[in-house]
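Subject: Structure handover

Hi,

Here is the structure I promised to pass on. Have a look at it first, and then read on for what turned up.

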Amino acid sequence: MSEQTSPWTGRDDGPGPEHRRWHHIANGAADGGEVRGPQVGVVGFASDEGVRRNSGRQGAVDSPPLLRAALAGMAAHRPFTLIDHGDTGYDGDDLETGHGAVGDAIAASLDADDLTLVLGGGHETAWGCYLGRARSQRFGSDEAMGRTLVVNLDAHFDLRHAERPSSGTPFLQMAHAEQQAGRHLDYAVVGIAEPSNTTVLFDTARQLGVRWLTDVDSTEERALSFLDEVMALAEHVHLEIDLDVLPADIAPGVSAPAAYGVPMRTCSAVVRHVAASGKLRIVDVAEYNPRYDIDSRTARAAARLVTDIVHALPGA
């Protein structure tokens with residue numbers, strides 16, 4: 001990424017860690033270049049072909065650099081290292097090739113970094129994240145993987161049956177892949193909007209043993225209790241943040257804005273709780289659509305959630 005086009009720029013109030021922001025860390029200007037704290041690897045997936053296939057509003061393809069720009073100015077109140085692995089895209093509508101390429105990039109980050117942060121893209125990014133986990137030397141084999149729980153902050157199950165992969169199919173793809181490997185997909189969702197999911201989607205979720213909490217039930221207390229229950233036996237957590245889980249006034253820049261949504265307070269508590277568990281390995285931020293954002297509200301909400309995660313990670 002060239003200096004002229006890098007989104008890792010922002011306000012500089014002076015030297016020293018007391019003035020540290022994300023762009024300082026991204027550019028190696030914090031702490032005199034000393035590597036301290038967790039290492040966060042960033043992978044962008046410039047994609048919205050899955051949204052098009054799912055008949056959604058397109059525009060997420062433009063989101064990775066804008067999410068970086070929203071993160072760049074955030075204050076960094078703890079030491080960490082940031083490694084930007086760049087963006088992965090694909091030509092035309094060849095989403096399948098794109099999934100393969102981003103899966104390789106994610107696998108490389110999982111093997112090198114303490115936490116992999118994926119910036120999408122439509123929610124088809126989730127399948128790329130699964131491919132990355134499966135190809136990782138650290139987490140890809142049955143012996144190394146252990147039990148991985150997928151936690152999805154989302155208004156939708158994304159368990160749709162379709163001829164081709166899309167932003168509506170990734171968790172069904174994961175379930176089928178796990179079945180082929182002789183395993184069961186551990187999948188839990190916080191924020192399900194009942195009017196936005198058909199009966200067949202609820203039936204599919206029940207058949208697959210999916211656990212969920214609806215948006216109307218997603219108070220902070222209930223969400224954290226739900227997380228403790230589903231994370232109890234997991235060794236690793238794969239966290240998906242579909243920004244359409246947030247209320248439309250907080251996140252207007254998504255493919256499917258939420259009429260109700262889960263409050264930002266609850267979403268923040270959820271991501272901090274998962275991060276503090278020490279089990280978090282990969283975070284996927286999906287469905288940011290800058291074409292429909294207002295005053296960068298959605299990008300700022302995404303950046304706040306990511307910052308909350310990094311600040312809650314264990315280790316000095």
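Which residue in E8 is the bridge partner of His238? That partner is Ile282. Before going further, please keep in mind that this is a predicted model.

**The strands**

Let's stay with E7 for a moment, since a good part of the picture hangs together through its pairings. E7 and strand E8 (residues 280–286) run parallel and are joined by six bridges. To get from E7 to E8 the chain goes by way of H10, making a right-handed β-α-β crossover.

E7 also pairs with E4. These two strands, E4 at residues 148–153 and E7 at residues 236–242, are parallel and share six bridges. If you want specific pairs to click on, Val151 has Leu239 as its bridge partner in E7, and Leu153 has Ile241.

E4 has another parallel partner in strand E5 (residues 186–192), with five bridges between them. One pair to look at here is Val150 with Tyr187, its bridge partner in E5. The route from E4 to E5 passes through helix H7 (residues 170–180), and this β-α-β crossover is right-handed too.

Buried or exposed: what are the residues of E4? Six of its six residues are buried, and the strand is mostly covered. Thr148, Val150 and Asn152 point one way, while Leu149, Val151 and Leu153 point the other way. Every residue in both sets is buried.

E7 tells a similar story: seven of its seven residues are buried. On one side sit His236, His238, Glu240 and Asp242, and on the other Val237, Leu239 and Ile241, with both faces covered. If you plan to look at charges, note that Glu240 and Asp242 are among the buried residues of this strand.

**The helices**

H10, the helix in the E7-to-E8 crossover, packs with helix H11 (residues 297–312). Their axes are 8 Å apart and the angle between them is about 30°. Angles under 35 degrees count as roughly parallel, so H10 is roughly parallel to H11. The crossing of H10 and H11 is right-handed.

H5 is worth a look as well. Nine of the eleven residues of H5 are buried, so the helix is largely enclosed by the rest of the structure. Among the buried residues are Trp127, Cys129, Tyr130 and Leu131, and Arg133 is buried too.

**The salt bridges**

How many salt bridges does the structure hold? There are 16. Here are some that I'd pull up in the viewer.

- Arg68 and Asp84 meet through their side chains, at 2.8 Å from N to O. Arg68 lies in helix H3 (residues 63–72) and Asp84 in strand E2 (residues 81–88), so far apart in the chain that the pair links distant parts of it, 16 residues apart. Arg68 counts as buried because its relative accessibility is 0%, whereas Asp84 is partly exposed at 27%.
- Asp104 and Arg135 form a salt bridge with their closest N and O atoms 2.8 Å apart. This pair also links distant parts of the chain: Asp104 is in helix H4 (residues 95–112), Arg135 is in helix H5 (residues 125–135), and they are 31 residues apart. Both ends are partly exposed, Asp104 at 46% relative accessibility and Arg135 at 36%.
- Arg265 and Glu220 form a salt bridge in which the closest N and O atoms are 2.9 Å apart. Here the pair links helix H10 (residues 264–276), which holds Arg265, with helix H9 (residues 220–231), which holds Glu220, across 45 residues. Arg265 is exposed at 63% relative accessibility, and Glu220 is partly exposed at 27%.

There is a network as well: Glu49, Arg52, Arg53 and Glu96 are joined into one by salt bridges that share partners.

That's what I have for now. Shout if you'd like to go through any of it together.

Cheers

Key: Residues are numbered from 1 along each chain as its sequence is written. This is a predicted model: local features need pLDDT of at least 70, side-chain atom pairs count only at pLDDT 80 or more; totals for chains, interfaces and linings use all residues. Side-chain values use heavy atoms; hydrogens and water are left out. A salt bridge is a side-chain nitrogen of Lys or Arg within 4 Å of a carboxyl oxygen of Asp or Glu. Helices (H or I, at least four residues) and strands (E, at least two) are DSSP runs, numbered from the N terminus. Buried means under 20% relative accessible area, exposed over 50%, partly exposed in between (1.4 Å probe, protein chains only). Two strands pair if DSSP finds at least two bridges between them. A crossover is right-handed if, with the strands pointing away from the viewer, the path from the first strand over the helix to the second runs clockwise. Axes are lines fitted to C-alpha atoms, for helices over the stretch in contact, and angles run from 0 to 180 degrees between N-to-C directions. Angles under 35 degrees count as roughly parallel, over 145 as roughly antiparallel, 65 to 115 as roughly perpendicular and the rest as oblique. A crossing is left-handed if the near helix is turned anticlockwise from the far one by less than a right angle, and right-handed if clockwise.
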